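The following exchange concerns how labels are assigned in a structural model. Each answer sets a computed value against the criterion behind the label.

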Amino acid sequence: MARIVLSNLAHSYLPNPVGEDDYALKTIDLTWEDGGAYALLGASGCGKSTLLNIISGLMRPSRGKVLFDGRDVTDAPTTERNIAQVFQFPVVYDTMTVRDNLAFPLRNRGMDAAYIRDRVQKIAGMIDMADQLGRKARGLTADEKQKISLGRGMVREDVNAILFDEPLTVIDPHLKWELRTQLKQLHRQFGHTMIYVTHDQTEALTFADRVVVMHDGRVVQLGTPEELFERPAHTFVGYFIGSPGMNVLDARVEGRIAHVAGHAVPLAAAYANLTGRVQIGIRPEYVRFDGSAGVPATVKRIEDVGRHRIVRADIAGTAVNAVLPEGTDVPSPGDRMVFAPEQIGVYADDWRVAPVDRETV
Ligand code: ADP
Ligand code: MG
């Protein structure tokens, strides 16, 4: 296993990149701690697969270094990196049996036959294919083939890391949950560094201890699911995580007050003068309604979703949502929106800004 460091990394698919737009990965500095269960989360096209392929050695970065336990492997071939990678679509040998497909990475490493037999049996159990070991892969469903790919990714115990690139895309929904649980169990049991790429926040938050959020070729935050929820470092993290996502409103911030649509919103701490586009962010869970205090809002719609209600409203043309727990009164006409001061984040050009008097936040 290894601690993986990406240092001053950037990648362009163009032969002569000029501006930042030419780079699929802008500057990335990131450390994956040995034994961590990570999710790499972001929208389609943000650079997740590019990053994964650079870690595994399928691609060489245009700039920067990849270090495994301090050793520079930027130019080392995949075979030397000792990484298992599972792709979005199955990669199996059609003419081989399920057993031989699973055994392949172990035979390749010259493991002994008895060990291989036991290990293959064990992995086959995990992917629920123990009774199909003698079947040829040809003729299996896409679902089953992908389970074999997953099995092959997990079969070696001696890898530096296992990389999963949206591995459950073609898997049946009910099996998805089961396989994800298996992966998590595998992580607990063997403690491999695992990086699980997904564009699905639920998948990311249930699998990972730490989530790396990417946006437009950049890592915008690395944190625990709780940190991403409570303190989004970038407005994108706010939007992308949570359902509905964080509310973001244009504001003018003066000391401990944010002015939103001409109304004062008290903050829990003071901020220095800010430049760029200034906004405040507040999760819908921390928005309440009040008959007199707060910012005037127009309620558009109220949705009942099981244990809580989502109130869809509008402040001066910006959509703002509130999530009200069961038993809370729905807003009355004329009610204003109140934001819990200690839960408000202040953003300048999309990045969260620290207050001046830190200790009060
Ligand atoms: P993700 O996996 O997050 O969907 P990718 O890493 O596949 O994103 O792609 C990041 C960006 O790089 C996208 O704009 C994509 O179009 C571009 N890209 C990916 N692969 C290639 C390639 N082989 N040649 C040129 N551009 C590519
Ligand atoms: Mg991808």
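**Labels and their criteria**

Aspartate 349 is partly exposed, with a relative accessible area of 46%. The model under discussion is predicted.

Q: Why is aspartate 349 called partly exposed?
A: Its relative accessible area is 46%. Buried requires a value under 20% and exposed a value over 50%, so aspartate 349 belongs to the class in between.

Q: What makes the phi of aspartate 349 worth noting, and where does the residue lie?
A: Phi is positive, about 45 degrees, although aspartate 349 is not a glycine. The residue is placed in the loop between strand 21 and strand 22 (351–352). Aspartate 350 lies in that loop between strand 21 and strand 22 and has a positive phi near 80 degrees, again in a residue other than glycine. With a relative accessible area of 30%, aspartate 350 is partly exposed.

Q: Why is the pair of phenylalanine 164 and tyrosine 196 called tilted?
A: The centres are 6.0 Å apart and the planes form an angle of 45 degrees. A pair requires centres within 6.5 Å, and an angle that is neither under 30 nor over 60 degrees counts as tilted; therefore the label tilted applies to phenylalanine 164 and tyrosine 196.

Q: Which parts does this pair tie together?
A: Phenylalanine 164 lies in strand 7 (residues 161–165) and tyrosine 196 in strand 8 (residues 193–198), so the pair ties together parts that are 32 residues apart in sequence. Both phenylalanine 164 and tyrosine 196 are buried. Ring pairs also link Phe164, Tyr196 and Phe207 into a cluster.

Q: Why is the pair of phenylalanine 236 and phenylalanine 240 called stacked?
A: The angle between the planes is 20 degrees and the centre-to-centre distance is 4.9 Å. Planes under 30 degrees apart count as stacked, given centres within 6.5 Å, so this pair meets both conditions. The two phenylalanines, 236 and 240, are four residues apart in helix 9, which means a separation of about one helical turn.

Q: How do you know whether phenylalanine 236 and phenylalanine 240 are buried or partly exposed?
A: The dividing value is 20% relative accessible area. Phenylalanine 236, at 11%, counts as buried, whereas phenylalanine 240, at 21%, counts as partly exposed.

Q: What makes arginine 283 a charge over a ring?
A: The charged end of arginine 283 sits over the ring of phenylalanine 229, 4.5 Å from its centre. The distance limit is 6 Å, so the value of 4.5 Å for arginine 283 satisfies it. Both Phe229 and Arg283 are among the residues that line the second largest cavity.

Q: How do you know that domain 1 and domain 2 both contribute to the lining of the second largest cavity?
A: Domain 1 (4–240) and domain 2 (247–360) each supply at least three residues of this lining. Helix 8 (225–230) and strand 21 (345–348) each provide at least two. The volume of this cavity is about 50 Å³, and by class its lining has five nonpolar, three polar and three charged residues.

Q: What makes up the lining of the largest pocket?
A: The lining residues divide into 11 nonpolar, eight polar and three charged. Strand 6 supplies the largest share, four residues. The volume of the largest pocket is about 680 Å³.

Q: Why is the bond from serine 243 to proline 244 singled out?
A: This peptide bond is cis, with omega near -5 degrees. Proline 244 is placed in the loop between helix 9 (235–240) and strand 11 (247–250).

Terms used: Residues numbered from 1 in each chain as written. Chains lettered and ligands numbered in written order. Predicted model: local features only at pLDDT ≥ 70, side-chain atom pairs only at ≥ 80, totals over all residues. Heavy atoms only, no water. 1 Å grid on protein atoms, 1.4 Å probe; cavity = no way out; pocket = protein on both sides within 12 Å on 5 of 7 lines; lining within 4 Å. Points joined across faces, edges and corners; volume = space filled by probe spheres on them. Nonpolar A, V, L, I, M, F, W, Y, C, P; charged D, E, K, R; others polar. Domains from an automatic or database assignment. Buried < 20%, exposed > 50% of the residue type's maximum accessible area, 1.4 Å probe, protein only. Lys NZ or Arg CZ within 6 Å of the ring centre and 35° of its normal.
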